[in-house]
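Here are my notes on this model, set down as numbered points for a colleague who has the coordinates open. They go from the overall form to the contacts between individual side chains.

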Amino acid sequence: MLKIVPDPPHDLHSLEDTLIQATDYALCAATVVHQALLLQPKSPASILMMASMHEMEALRALLEQALIQVQMPVGPRNLQ
């Protein structure tokens with residue numbers, strides 16, 4: 001008997017791919033907040049939008065650091 005609905009694909013991403021995708025999402029979110037600030041800079045919510053943008057920029061920095069660490073070659077380390 002054939003299934004009517006197929007199983008979802010088992011697309012397992014590597015940690016590196018997941019970090020890249022998360023960084024892209026954080027960039028998109030920061031861009032949306034930036035555009036909202038440009039459209040209504042005097043809005044009462046502008047302070048919240050600026051705080052959100054600051055937090056997303058901090059998130060992007062952390063994700064980029066994690067990505068750099070994942071991309072470092074694993075090898076013998078000097079313990080001096």
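1. The secondary structure of the chain comes to 2 helices and 0 strands. Please keep in mind throughout that this is a predicted model, and that the values below are computed from it.

2. On overall dimensions, the chain has a radius of gyration of 20 Å, whereas a compact globule of 80 residues would have one near 12 Å. Taken along the principal axes, the box filled by the C-alpha atoms is roughly 65 × 55 × 15 Å.

3. On surface and burial, 16% of the 80 residues of the chain count as buried. The accessible surface comes to about 7200 Å², and carbon and sulfur atoms account for 66% of that area.

4. On contact order, consider the contacts in the chain with a separation of 6 or more: 59% of them are made by residues that stand 24 or more positions apart.

5. Which residues make up the largest nonpolar core? There are 6 of them, namely A30, V33, L37, M49, M53 and M56. Both helices contribute, since α1 (15-39) and α2 (46-71) each supply at least two residues of this core. As general background, nonpolar side chains in soluble globular proteins tend to be buried together.

6. Within that core, M53 deserves a separate look. Once its neighbours within four places in sequence are left aside, M53 is in contact with A30, V33, H34 and L37. Of these partners, A30, V33 and L37 are listed as members of the core.

7. How many salt bridges does a search of the whole structure find? The search finds 1, and it joins the side chains of R60 and E64, with an N to O distance of 3.4 Å. Both residues lie in helix α2, 4 residues apart, which corresponds to about one turn of the helix.

8. Are the two partners of this salt bridge buried or partly exposed? R60 has a relative accessibility of 23% and therefore counts as partly exposed, the cut-off for buried being under 20%. E64, with a relative accessible area of 36%, is likewise partly exposed.

9. T23, which is placed in helix α1, links the previous two points to the other helix. Its relative accessible area is 10%, so T23 is buried. Leaving aside neighbours within four places in sequence, T23 is in contact with R60, L63 and E64, and R60 and E64 are the two residues whose side chains meet in the salt bridge.

Methods: Residues are numbered from 1 along each chain as its sequence is written. This is a predicted model: local features need pLDDT of at least 70, side-chain atom pairs count only at pLDDT 80 or more; totals for chains, interfaces and linings use all residues. Side-chain values use heavy atoms; hydrogens and water are left out. A nonpolar core is a set of buried Ala, Val, Leu, Ile, Met, Phe, Trp, Tyr and Cys residues joined through side-chain atoms within 4.5 Å. Buried means under 20% relative accessible area, exposed over 50%, partly exposed in between (1.4 Å probe, protein chains only). Contact means heavy atoms within 4.5 Å. A salt bridge is a side-chain nitrogen of Lys or Arg within 4 Å of a carboxyl oxygen of Asp or Glu. The radius of gyration is taken over C-alpha atoms; the globule rule is 2.2 Å times the number of residues to the power 0.38. Accessible areas come from the Shrake-Rupley method with a 1.4 Å probe; for residues, only the protein chains shown count as cover.
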